[in-house]
Structure formats: C-alpha cells, structure tokens
Amino acid sequence: MSPLFVHHSYAQNPWEIDKNKDGIIVYTRIEEDSDFKSFKAVVKVNATTDKILKTFKNADNYSKWYGYTKTSQLIKQERDTQFNYVETIFPWPYRNRDMVYRMSISRLNQATTKISLKGIPEYIPEKTDIVRMKKAEGYILLNAQNGDSTEIVYIFHSEPGEKIPPWLANNSIAELPFKTLMGLREILEEENH
C-alpha cells in the first residue's frame, strides 16, 4: 500500500458553509462512514470561558437555550465530567430522540478549553415513545480572546436512528447549532445585565 493511498483513506471531506447569519457561521460536511452530515458552528460571544462553562454545566436549564431541547437534566456529576440526559424535539411524523451525553471538560492550554460530548446510548433504559439515538459525538472549543470575549467552535455528528431519511436530516442540520449558539449568546447577554 503506497503512503499516498494511506493518507487518502483518512482524508476528510471539506467543510462547506451551510448558514451564515447574525455572526454565526455553520459549516457541514458528509462523513466517510455515514449518510448523515456533521456540522461545525463558529461564533464569538462577549463572555468569559468560565461563564460559558457554568452555562454548559447547568444541564437542567438546556431547554431554555439549547436548540430543539424538550427536556434535560443532570444525571451524575464528577469532577470534570458529568452525564446529562437530553430529549431532542423531532418534527412530526417522527418521534423525539433522547441520549445521555458524557460531557468532559479539559483545558488544552491557557486560552483553550475543550468540552467533549459523547452519547452513551446504554447508560439508562430506553423510554417508551422516545427513540434512543444510536450515535452522537463531538466537542466544543472555547478559545479565549482579548478582553472578556470567547470564540466558540462546536463540532458534532450524530446518527438519529429510526429510518429518518438522510436528505431530510441533512437539509436542516445547520438549524440545531445555529439555534443553540444563538440561544447561548442570548442567555449569556441576559446574565451580563
């Protein structure tokens, strides 16, 4: 096997801008091993990393700002890791989805903090009338800027399960991170006043 071939097999598809509005840019791309696109969303907010982390750690409050979240709750808290239950609203005729996410926080360097998110589908028993997602994984980078502002980069990929057509999910994939970062920015601004 030539070195060129090895490199090519790991090459990712390029990110393409899907939505660019109100200071939030959402990119999407097709993943090699999935019919469902992943997203990368970027925004700059006027808040410190610590303030943003506090908002993310308050899992019981996600329905107020996290896109399409019906209910959420903190299940278990450890030092830099917590387990959050989230029910996501899906359009009719599909049923809502849920997942327990392991959220781990690590400081990469003085300016950058990483929030890793991994769905743990078997963490709690499945509920009736809600579909457990099969796979969900990503991370959020908080890059401290000059002053009290922070650049947020949110990268995520999920498999919604239960025969959702990829074209339907891919058509609206940019809406979730857009609504989430918009909601996060608004709730941080409310706390500033």
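**Exercise 1. Find the residue in β5 that stands opposite lysine 76, then work out how the two strands are joined.**

Solution. Start with the pair itself: in this predicted model, lysine 76 faces phenylalanine 83 of β5. Next, look at the strands. β4 covers residues 69-77 and pairs with β5 in the antiparallel sense, over 7 bridges. Last, check the connection: a hairpin of 3 residues takes you from β4 to β5.

**Exercise 2. Work out which strands pair with β6, and in which sense.**

Solution. Take the partners one by one.

- β5 (residues 81-88) runs antiparallel to β6 (residues 97-107), with 8 bridges between them. Here valine 86 has methionine 99 of β6 as its bridge partner.
- β7 (residues 112-119) is also antiparallel to β6, joined by 7 bridges. For arginine 102, the bridge partner in β7 is lysine 118. A hairpin links β6 and β7 through 4 residues.
- β8 (residues 131-132) runs parallel to β6, with 2 bridges. Aspartate 98 finds its bridge partner, arginine 132, in β8.

**Exercise 3. Arginine 97 forms a salt bridge with glutamate 162; describe the pair and say what it ties together.**

Solution. First, the distance: the closest N and O atoms of arginine 97 and glutamate 162 are 3.4 Å apart. Then place the two ends. Arginine 97 sits in strand β6, while glutamate 162 is in the loop between β10 (150-159) and α3 (166-172), so the pair ties together parts 65 residues apart in sequence. Now for exposure: arginine 97 is buried because its relative accessible area is 0%, whereas glutamate 162, at 33%, is partly exposed. Finally, widen the view: salt bridges with shared partners join Arg95, Arg97 and Glu162 into one network.

**Exercise 4. Are the partners in the salt bridges of glutamate 31 and aspartate 80 buried or exposed, or in between?**

Solution. The whole structure holds 9 salt bridges, and we'll take two of them. Glutamate 31 meets arginine 29 at 3.0 Å, N to O. Glutamate 31 has 12% relative accessibility, so it counts as buried; arginine 29 is buried as well, at 14%. Now move to aspartate 80, whose closest N–O approach to arginine 79 is 3.5 Å. Aspartate 80 is partly exposed at 38%, and arginine 79 is exposed at 74%.

**Exercise 5. Name the residues of the negative surface patch and locate glutamate 191.**

Solution. The patch consists of Glu186, Glu189, Glu190 and Glu191. Glutamate 191 belongs to helix α4, residues 175-192. A patch member needs over 30% relative accessible area, and glutamate 191, partly exposed at 43%, fits.

Note on methods:
Residues are numbered from 1 along each chain as its sequence is written. This is a predicted model: local features need pLDDT of at least 70, side-chain atom pairs count only at pLDDT 80 or more; totals for chains, interfaces and linings use all residues. Side-chain values use heavy atoms; hydrogens and water are left out. Patches are made of residues with over 30% relative accessible area and no salt bridge: like charges are joined within 9 Å, nonpolar side chains (Val, Leu, Ile, Met, Phe, Trp, Tyr) within 5 Å. Accessible areas come from the Shrake-Rupley method with a 1.4 Å probe; for residues, only the protein chains shown count as cover. A salt bridge is a side-chain nitrogen of Lys or Arg within 4 Å of a carboxyl oxygen of Asp or Glu. Lys and Arg count as positive and Asp and Glu as negative; His and the chain ends are not counted. The place of a charge is taken as NZ of Lys, CZ of Arg, CG of Asp or CD of Glu. Buried means under 20% relative accessible area, exposed over 50%, partly exposed in between (1.4 Å probe, protein chains only). Two strands pair if DSSP finds at least two bridges between them.
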